[in-house]
Amino acid sequence: MTKTPSLFIEAFLGFASLSIQANMAVRALQPLYLGPRMPSGNGGSHRHLASHASTPIRFPGVSSFPLLFPSFSRESRHEFRRLRAFGGSNQVDGRGDQHLGQSNSLDIFSWARPLLDFAAKNFLPLALVCGVAFGLADPTLGCLAHKYSLSRVSTFGIFFISGLTLQSREIDAALEAWPAGLFGLSSILLFTPLFSRLILQLKLVPQEFVTGVAVFCCMPTTLSSGIALTQLAGGNSALALAMTVISNMLGIMIVPFSLSIFVMTGRGVSVPTLELFRSLFNTLLVPLVLGKVLRDILSGVAKFVDQNRRSLSMASALLLSLVPWIQVSRSRPLLLTVHPASFAIAISLGALLHFALLALNTLAMSSLSALSGGSQSVFSKKDNARAVIIVASQKTLPVMVAVVEQLKGALGESGLLILPCVASHIIQIIIDSFLVNMWTQKDQHSNETKEV
């Protein structure tokens with residue numbers, strides 16, 4: 001047994017750790033809301049303990065996902081430390097052990113809260129990385145999940161949740177910026193798939209890494225991260241939502257033809273277009289429409305969804321993490337034979353792809369702005385430009401997985417095709433997070449200059 005398997009695992013987990021830490025740069029723009037701290041009294045230690053109830057930590061936009069942490073005053077904490085320093089187990093009214101236990105709990109909460117904060121802000125990349133790690137560590141359960149087609153169920157669930165959270169008024173609001181939206185859709189479904197031809201010129205072992213990234217180019221945009229980042233950047237979130245929904249619906253019809261033209265040509269295999277369309281229709285469009293219909297006809301469903309968007313987003317991330325877990329579990333023997341350098345090249349390829357798409361869409365929006373009236377153009381509006389640049393430069397993982405599953409090995413081992421795309425999915429979120437941070441700082445500086 002060589003050291004290659006352990007080197008591969010260490011390389012992947014090292015990349016994942018760096019990726020998640022970098023992603024915190026912009027996620028910090030959405031800090032946890034801490035309830036107001038109760039004022040401390042002037043009484044003894046018992047009154048301090050009794051007067052400070054647990055304060056719920058609530059994530060932004062979520063009303064039913066509380067995590068309770070005790071809210072203590074500075075004086076209370078000082079008394080706890082003093083009691084612990086004296087070490088009285090039964091020295092304080094015969095209840096020293098109780099005070100000591102509460103002091104230890106306070107110490108635990110002091111370091112647990114930042115960890116929970118980190119996990120909440122980076123839930124999607126954490127879930128994806130954990131899925132890959134679990135598949136590499138023990139493939140037994142993942143192979144069992146594949147046997148019962150759990151990946152199809154997870155894809156259905158992801159798009160059902162997307163339908164539940166889809167608001168009609170947001171789509172209507174995007175009509176004002178329809179020229180920018182039309183270009184964004186053209187970029188997502190027609191222009192960016194052209195990059196797959198260039199990517200396929202690269203030779204790598206295993207070749208599935210390159211093929212997987214090429215297939216990734218032909219996919220529609222992400223389901224949620226593009227919209228979330230657009231909102232953080234102060235962009236037109238309604239336009240971002242419209243492009244996301246329409247591109248994923250049209251992608252069901254266009255993706256099979258894009259794969260036939262840009263990826264399958266010269267490979268001696270053909271895309272089962274009709275069968276692939278039927279599969280995408282059943283696993284993507286049907287649950288999306290079903291979720292939207294339930295939201296529109298049942299007011300209670302809409303209210304529940306709006307109050308629990310954060311929880312539903314986490315549920316969608318968990319469902320998405322099942323995909324790499326299952327695929328990596330299936331392909332573990334092959335993955336452990338891959339040299340870490342090859343995987344590093346595949347990761348770099350995904351990063352370069354996203355940078356190229358960002359450059360393409362930025363240049364195109366600037367050119368269209370100059371050609372269509374300058375500062376008065378729809379393309380020149382900052383919020384529209386940011387929405388198009390972010391959304392049109394991202395690619396979705398769930399649709400890619402649905403396509404690979406339906407191809408049934410025609411392009412190679414499924415796990416090898418999907419793994420670099422999981423990395424690319426995480427990388428594009430990280431890169432765009434830094435981009436949003438840069439835009440936010442620029443806006444803040446501009447506002448400060450105007451005030452002066």
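Contact here means heavy atoms within 4.5 Å. The structure is a predicted model, and the exercises below work through parts of it.

**Exercise 1. Surroundings of Leu368**

Task: State where Leu368 lies, and find which residues it is in contact with, leaving aside its neighbours within four places in sequence.

Solution:
- Step 1. Locate the residue. Leu368 belongs to helix α18, which covers residues 340–371.
- Step 2. Classify its exposure. Its relative accessible area is 27%, and the partly exposed class lies between 20% and 50%, so Leu368 is partly exposed.
- Step 3. List the contacts. With the sequence neighbours set aside, Leu368 is in contact with Phe183, Ser377 and Phe379.
- Step 4. Check a C-alpha distance across the chain. Leu368 and Ala180 are 188 residues apart in sequence, while their C-alpha atoms are separated by 9.2 Å.

**Exercise 2. An aromatic pair**

Task: Classify the pair formed by Phe183 and Phe191 from the angle between the planes.

Solution:
- Step 1. Set the scope. Searching the whole structure gives two aromatic pairs.
- Step 2. Take the geometry of one of them. The ring centres of Phe183 and Phe191 are 6.4 Å apart, with 45° between the planes.
- Step 3. Apply the cut-offs. Stacked needs under 30 degrees and edge-to-face over 60, so the Phe183 and Phe191 pair is tilted.
- Step 4. Add the exposure of each ring's residue. Phe183 is buried at 12% relative accessibility, whereas Phe191 is partly exposed at 38%. Phe183 is also one of the residues in contact with Leu368.

**Exercise 3. Helix α7 and the nonpolar patch**

Task: Compare the reach of helix α7 with the expected value, then find which elements give two or more residues to the nonpolar patch.

Solution:
- Step 1. Take the helix. α7 runs over residues 150–164, 15 residues in total.
- Step 2. Compare the spans. From first to last C-alpha the helix reaches 21 Å, close to the 21 Å expected at 1.5 Å a residue.
- Step 3. Look at burial. The buried residues of α7 include Ser151, Ser154, Gly157, Ile158, Phe159 and Ile161.
- Step 4. Turn to Phe156, which is placed in the same helix, α7. At 31% relative accessibility, Phe156 counts as partly exposed.
- Step 5. Identify the patch. Phe156 joins Ile246, Leu250, Met253, Leu274, Phe277, Phe281, Val286 and Leu290 in a nonpolar surface patch of about 720 Å².
- Step 6. Assign the contributors. Two or more residues come from each of α13 (237–262) and α14 (273–297). The largest share, five residues, is from α14.

**Exercise 4. Salt bridges at α14 and α15**

Task: Work out which residues are linked in a network of salt bridges.

Solution:
- Step 1. Recall the principle. Side chains of opposite charge can pair when their charged atoms come close. The structure holds five salt bridges.
- Step 2. Start within α14. Lys292 and Asp296 form a salt bridge, with the closest N and O atoms 2.8 Å apart. The two are four residues apart in helix α14, and so are separated by about one helical turn. Lys292 is buried at 13%, while Asp296 is partly exposed at 49%.
- Step 3. Move to the next bridge. Arg295 and Asp306 meet with 3.0 Å from N to O. This pair links distant parts of the chain, with Arg295 in helix α14 and Asp306 in helix α15 (residues 299–307), eleven residues apart.
- Step 4. Compare the partners. Arg295 has a relative accessible area of 8% and is buried. Asp306, at 30%, is partly exposed.
- Step 5. Look for a further partner of Asp306. Arg309 forms a salt bridge with Asp306, the closest N and O atoms being 3.4 Å apart. Arg309 is partly exposed at 29%.
- Step 6. Join the pairs. Asp306 bridges to Arg295 and to Arg309, and the network consists of Arg295, Asp306 and Arg309.

**Exercise 5. The whole protein**

Task: Summarise the protein by its elements, burial, contacts and surface.

Solution:
- Step 1. Elements: the protein has 21 helices and three strands.
- Step 2. Burial: of the 452 residues, 50% are buried.
- Step 3. Contacts: among contacts with a separation of 6 or more, 81% are between residues 24 or more positions apart.
- Step 4. Surface: the accessible surface is about 21,200 Å², and carbon and sulfur atoms account for 64% of that surface.

Conventions:
Residues are numbered from 1 along each chain as its sequence is written. This is a predicted model: local features need pLDDT of at least 70, side-chain atom pairs count only at pLDDT 80 or more; totals for chains, interfaces and linings use all residues. Side-chain values use heavy atoms; hydrogens and water are left out. The expected span of a helix is 1.5 Å times one less than its number of residues. Buried means under 20% relative accessible area, exposed over 50%, partly exposed in between (1.4 Å probe, protein chains only). Rings of Phe, Tyr and Trp (its six-membered ring) pair if their centres lie within 6.5 Å; planes under 30 degrees apart count as stacked, over 60 as edge-to-face and the rest as tilted. Patches are made of residues with over 30% relative accessible area and no salt bridge: like charges are joined within 9 Å, nonpolar side chains (Val, Leu, Ile, Met, Phe, Trp, Tyr) within 5 Å. Accessible areas come from the Shrake-Rupley method with a 1.4 Å probe; for residues, only the protein chains shown count as cover. A salt bridge is a side-chain nitrogen of Lys or Arg within 4 Å of a carboxyl oxygen of Asp or Glu.
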